[in-house]
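Reader: I should be grateful for a close look at one part of this structure, the surroundings of the ligand, followed by the empty spaces elsewhere in the protein. Please set the account out as a connected description.

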Amino acid sequence: MKFKATLTFAKTLDKADPLKKYRDKFIIPQLKEGGAYFCGNSLGLQPAAAPELFGKELRRWAEDAVEGHFTGAQPWAEYHEVYATLLAEIVGAKTKEVVAMNSLTVNLHLLMATFYQPVKGRTKILTEKGSFSSDRYALRSQIELRGLNPDDHLIEVAPRKGEHTLRKEDVLKAIKDCGEELALVMMGGVNYYTGQVFPMKEITAAAHKAGAVCAFDLAHAVGNVPLELHKWNVDFAVWCSYKYLNAGPGAVGGAFIHERHVKRTDLFRLAGWWGNRKEDRFAMKEEFNPSATVDGWQLSNAPIFNMIALKASLDIFEAAGMKKIQNKRQQMTEWLEFLLKEKCKGKKYSLRLITPSGEKERGAQFSFDAGKKAEQLFKELSKAGFVTDLRKPSVIRITPAPLYNSYEELFRLAEFIGERCEWLKGKV
Ligand SMILES: *Cc1c(COP(=O)(O)O)cnc(C)c1O
């Protein structure tokens, strides 16, 4: 689409937006007049239906007490099941491959207990340099748990000198070079810092060719970019739900395990009673008899009050449809890039975008380097009611969330930044 950098054009885009009605399905924080929320990649906004759904479960607890496990339209004993259907649509999986459970880092450890099985000569894990701290800690500690030295066994593929993002050929080559020593490839789906989307399908194929297991951390990918985990043949994936999935702080996370593994009830796992087949969960047998679905990796009964807002949000995703969400996400990011270039035009300073510009290489997130003035710009943005995120020393992340942000909000943001380009002049 040919954009024009005007408020009228922003309003035209909003008017034509097929998702505009979903903004009202969220509680938009009361910000300073003219401001806007752009931190949906960090904490998604509260679905407006959440308080009522919480109220309903609180009432059921008060009225039905222990019976609540087995009564009502959605008994607590089966509460997690509906999530699999809704999440499967978002991650491109079969229902039996998806479960809402625990939290991201916990799931990463749990699934690595099954899928990181170093054997003589094949012991290494490959990941991206500059991943989210928790992932690095988890990978290193898993290596140590197996009596190995993480300094020798964790391979981190880095961007080339002077570049911010990873080149596909470098990742694929690193996998190939590691060859028979490689036990596991575990990368982000979208890098949290740069917003780069990794070529998950090709990475999976390369990992498998090397004889390794392939896994992804989808914290910044789920509910954001197109995912086809089943088709891509990914072995396992984990995610959190409080970012693009708007499930609230610390909400229940999720996991995917490919069909070819879930039926392997003989696979080692760290077991808990909720991993039992449904009919055996309350039988209290001595023998663990795991479900032949991803449910077989569950440990504990579902944390109901930690799942409620996720349901409210997933209902919105279902109604809006991932395809439309992705179309808007793509157009909003293009719009923001266009506006910033227009508004900063002719000024001595230009912001250095570190998120790739290619349509397939980025999702909703837009990271730019504002150099020495980043902190000042961030403070001014905050003061004006624009909620963004500063990653020290100099990167500002902006995330237009297709379900609740508008083109007009992005216009106001770009105009605000454009007006401040002058004092940002100089090399970043
Ligand atoms: C947000 C995020 C996490 C957070 O982990 P929790 O276990 O949910 O606290 C981990 N990894 C990545 C890549 C993230 O973006």
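**The ligand site and the spaces in the protein**

Author: In this predicted model, a nitrogen atom of the ligand lies 2.7 Å from an N or O atom in the side chain of D135. Two further polar approaches involve oxygen atoms of the ligand. One is to the side chain of T105, where an N or O atom is 2.6 Å from a ligand oxygen. The other is to H220, whose side chain places an N or O atom 3.0 Å from an oxygen of the ligand. Of the 400 Å² that the ligand exposes when taken alone, the protein buries 84%.

The residues around the ligand include these three, T105, D135 and H220, and also L104, F132, D217, A219, C240, Y242 and K243. By class, this shell comprises five nonpolar, two polar and three charged residues. D135, which approaches the ligand nitrogen, is one of the charged members, since Asp is counted in that class.

One residue of the shell leads on to an enclosed space. K243 belongs to the surroundings of the ligand, and K243 also lines the largest cavity. Rolling a probe the size of a water molecule over the atoms shows where empty space is left. A search of the whole structure finds one cavity of 30 Å³ or more, and the volume of the largest cavity is about 60 Å³. Besides K243, its lining contains G40, G44, G223, Y244, N246, F317, I325, A401, P402, L403 and Y404. Seven of the lining residues are nonpolar, four are polar and one is charged. K243 is that charged residue, because Lys is placed in the charged class and the lining has one such residue. At least three residues of the cavity lining come from each of domain 1 (7–47 + 321–423) and domain 2 (79–317).

The largest pocket likewise draws at least three lining residues from each of domain 1 and domain 2. Its volume is about 570 Å³. Of its 22 lining residues, V197, P226, E359, K360 and E361 lie nearest the centre. Helices α8 (200–209) and α12 (322–343) each supply at least two residues of the lining, and α12 gives the largest share, with five. In class terms, the pocket lining has 10 charged, eight nonpolar and four polar residues.

Two points of backbone geometry complete the account. Most residues other than glycine have a negative phi, and most peptide bonds are trans. N233 is not a glycine, yet its phi is positive, at about 75 degrees; this residue sits in the loop between α9 (229–232) and β9 (236–239). The peptide bond from K392 to P393 is cis, with omega near 10 degrees, and P393 is found in the loop that joins β14 (389–391) and β15 (395–398).

Definitions and conventions
Residues are numbered from 1 along each chain as its sequence is written. This is a predicted model: local features need pLDDT of at least 70, side-chain atom pairs count only at pLDDT 80 or more; totals for chains, interfaces and linings use all residues. Side-chain values use heavy atoms; hydrogens and water are left out. A residue is near a molecule or strand if one of its heavy atoms lies within 4 Å of it. A polar contact is a pair of N or O atoms within 3.5 Å; within protein, one must be able to donate a hydrogen and the other to accept it, and residues adjacent in sequence count only if both atoms are side-chain atoms. Accessible areas come from the Shrake-Rupley method with a 1.4 Å probe; for residues, only the protein chains shown count as cover. On a 1 Å grid over the protein atoms alone, a cavity is a set of points where a 1.4 Å probe fits but cannot get out, and a pocket is an open set with protein on both sides within 12 Å along at least five of seven lines; lining residues have an atom within 4 Å of a point. Grid points are joined across faces, edges and corners, and a volume is the space filled by probe spheres set on the points. Helices (H or I, at least four residues) and strands (E, at least two) are DSSP runs, numbered from the N terminus. Domain bounds come from an automatic or database domain assignment.
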